[in-house]
Amino acid sequence: MSIEYPEYLIHKQWMSHALELAQAAGDAGEVPVGAVMIDASGNLIAEGENRKERDKDPTAHAEILAIRSAAQTLHNWHLNQCTLYVTLEPCPMCAGAIVQSRVGMLVYGADDTKTGAIRTVTNIPDSAASNHRLRVIGGILESACRQQLQTWFATRRHQKK
């Protein structure tokens, strides 16, 4: 029997919400990735889901949309006291935005073995080019996050046959 610590339970709660957003994105024909931004008091201040296809915008990743919304909500682009939850390890573009917005902590679900720019393929936050360091926790609800993506891609491949 494992003990689930309060911090881990909070991470699971917010990742579950990000998974719901990812499901909505997937249902709309987008790669199912969801993101939520939490302030220092533990309140939801922003969320995003992939919208690249719907918006015809290559930058409309879940993380970017959540960062933009959080900055507008807080009237400040410095998000040092915020935590970003995302179902998939961020790509280079999103990792750069996370660093530039000074997000305090990143929590993600599944590693991205193709474009993961936090720990898997490359490490933008810890690179010499980064002017900001942040706490990173990976693997929260990893199986559920990975399964959601695998199921979505398998369904898309089957539909194309």
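**Entry 1: the largest pocket**

I began with the largest pocket of this predicted model, and I noted that it holds about 730 Å³ of space. I then looked up its lining and found 26 residues, of which V31, L88, D112, L149 and F153 lie nearest the centre of the pocket.

I next asked which elements give two or more residues to this lining. I found α2, which spans 52-55, and α5, which spans 142-160. The largest share comes from α5, which gives 6 residues to the lining of the largest pocket.

For the character of the lining, I sorted the residues by type, and those of the largest pocket divide into 10 nonpolar, 6 polar and 10 charged.

**Entry 2: the second largest pocket**

I turned to the second largest pocket, for which I wrote down about 160 Å³ of space. Its lining is made up of E7, I10, H11, W14, I38, D39, A40, G42, Q81, T83, Y85 and M105. The elements that give two or more residues to this lining are α1, at 6-27, and β3, at 83-88.

Which element gives the most to the lining of the second largest pocket? I found that it is α1, with 4 residues.

I sorted this lining by type as well, and the residues of the second largest pocket divide into 6 nonpolar, 4 polar and 2 charged.

**Entry 3: a note to keep**

For my own reference, I keep the two pockets side by side: the largest has about 730 Å³ of space and takes the largest share of its lining from α5, whereas the second largest has about 160 Å³ and α1 gives the most to its lining.

Methods
Residues numbered from 1 in each chain as written. Predicted model: local features only at pLDDT ≥ 70, side-chain atom pairs only at ≥ 80, totals over all residues. Heavy atoms only, no water. 1 Å grid on protein atoms, 1.4 Å probe; cavity = no way out; pocket = protein on both sides within 12 Å on 5 of 7 lines; lining within 4 Å. Points joined across faces, edges and corners; volume = space filled by probe spheres on them. Nonpolar A, V, L, I, M, F, W, Y, C, P; charged D, E, K, R; others polar.
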